[in-house]
Amino acid sequence: MVLGLLRIRLRFVAHSRKEKRALVKSVVERLRHRYNAAVSEAGDLDALDLTTIAVACLSSESAHADAQLQEIAGAIEGWRLDAEVIDIETELINV
């Protein structure tokens, strides 16, 4: 089994925590509904203009896990978010 991890760091303009929460929630929910993966805000919780979103998927083959993570990363980059993608990291762990 292979555990695939994806970390996406986004920068955006938010004037309040409520605005940030709305943007992050929107991205997280879209990913959860579109892909069979676990998604959560995982970093930059205190920063008003940054967030790190983590995605985890489990597969029997590393190629499948990597393909799914690349598809998710590509989808986020392709969405017209009011956010800039700063960094994308992927990691595959054999379990």
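Six salt bridges turn up in the structure, which is a predicted model. Three of them are taken up below, along with the sheet and helices that carry them.

Start with the fold itself. Four strands make up an open sheet, with the order 2-3-1-4 and antiparallel pairing. Strand 2 (38–43) and strand 4 sit at the edges, each of them pairing on one side only. From one strand to the next, the twist averages 20°. Helix 1 (residues 17–34) packs on this sheet and touches strand 1, strand 2, strand 3 and strand 4, with its direction at about 150° to that of strand 2. Helix 2 (residues 62–78) packs on the sheet as well, touching strand 1, strand 3 and strand 4, and its direction makes about 175° with that of strand 4.

Strand 1 deserves a look of its own. On one side, strand 1 runs antiparallel to strand 3 (residues 50–59), and 10 bridges join the two. Within this pairing, V2 stands opposite S59 of strand 3, and R9 stands opposite T52 of strand 3. Strand 1 also pairs with strand 4, again in the antiparallel sense, over 11 bridges. Here R7 is the residue that stands opposite E89 in strand 4.

In a regular strand, side chains alternate between the two faces of the sheet. Strand 1 (residues 2–12) can be read with that in mind: V2, G4, L6, I8, L10 and F12 make up its covered face, while L3, L5, R7, R9 and R11 lie on the uncovered one. R7 thus belongs to the uncovered face, and at 28% relative accessibility R7 counts as partly exposed.

R7 is also where the salt bridges come in. The side chains of R7 and E91 meet in a salt bridge, at 3.4 Å from N to O. With E91 in strand 4 and R7 in strand 1, the pair ties together parts that lie 84 residues apart in sequence. E91, for its part, counts as partly exposed, at 34% relative accessibility. The story doesn't stop at one pair, though: R7, E89 and E91 are linked in a network of salt bridges. E89 is the strand 4 residue that stands opposite R7, so to speak of R7 is to speak of both the strand pairing and the salt-bridge network.A second salt bridge links a helix to the sheet. K20 pairs with E41, and their closest N and O atoms are 3.7 Å apart. K20 lies in helix 1 and E41 in strand 2, so this pair ties together parts that are 21 residues apart in sequence. The two partners are covered to unlike degrees: K20 is buried, with a relative accessible area of 5%, whereas E41 is partly exposed, with a relative accessible area of 27%. What does K20 touch, leaving aside residues up to four places away in sequence? The contacts of K20 are F12, A14, E41, D44, L45, A47, L48, L50 and T51. Among them, F12 is part of the covered face of strand 1, and E41 is the salt-bridge partner.

A third salt bridge stays within helix 1. E29 and R32 form this one, and their closest N and O atoms are 3.1 Å apart. Both residues lie in helix 1, where three residues, about one turn of the helix, separate them. E29 counts as partly exposed at 28% relative accessibility, and R32 is partly exposed too, with a relative accessible area of 40%.

Finally, the surface has a nonpolar patch. M1, L58 and V95 form this patch, and together they have about 350 Å² of accessible area. V95 is found in the segment after strand 4 (83–94). With a relative accessible area of 63%, V95 is exposed.

Definitions and conventions:
Residues are numbered from 1 along each chain as its sequence is written. This is a predicted model: local features need pLDDT of at least 70, side-chain atom pairs count only at pLDDT 80 or more; totals for chains, interfaces and linings use all residues. Side-chain values use heavy atoms; hydrogens and water are left out. Patches are made of residues with over 30% relative accessible area and no salt bridge: like charges are joined within 9 Å, nonpolar side chains (Val, Leu, Ile, Met, Phe, Trp, Tyr) within 5 Å. Accessible areas come from the Shrake-Rupley method with a 1.4 Å probe; for residues, only the protein chains shown count as cover. A salt bridge is a side-chain nitrogen of Lys or Arg within 4 Å of a carboxyl oxygen of Asp or Glu. Buried means under 20% relative accessible area, exposed over 50%, partly exposed in between (1.4 Å probe, protein chains only). Two strands pair if DSSP finds at least two bridges between them. Axes are lines fitted to C-alpha atoms, for helices over the stretch in contact, and angles run from 0 to 180 degrees between N-to-C directions. Contact means heavy atoms within 4.5 Å.
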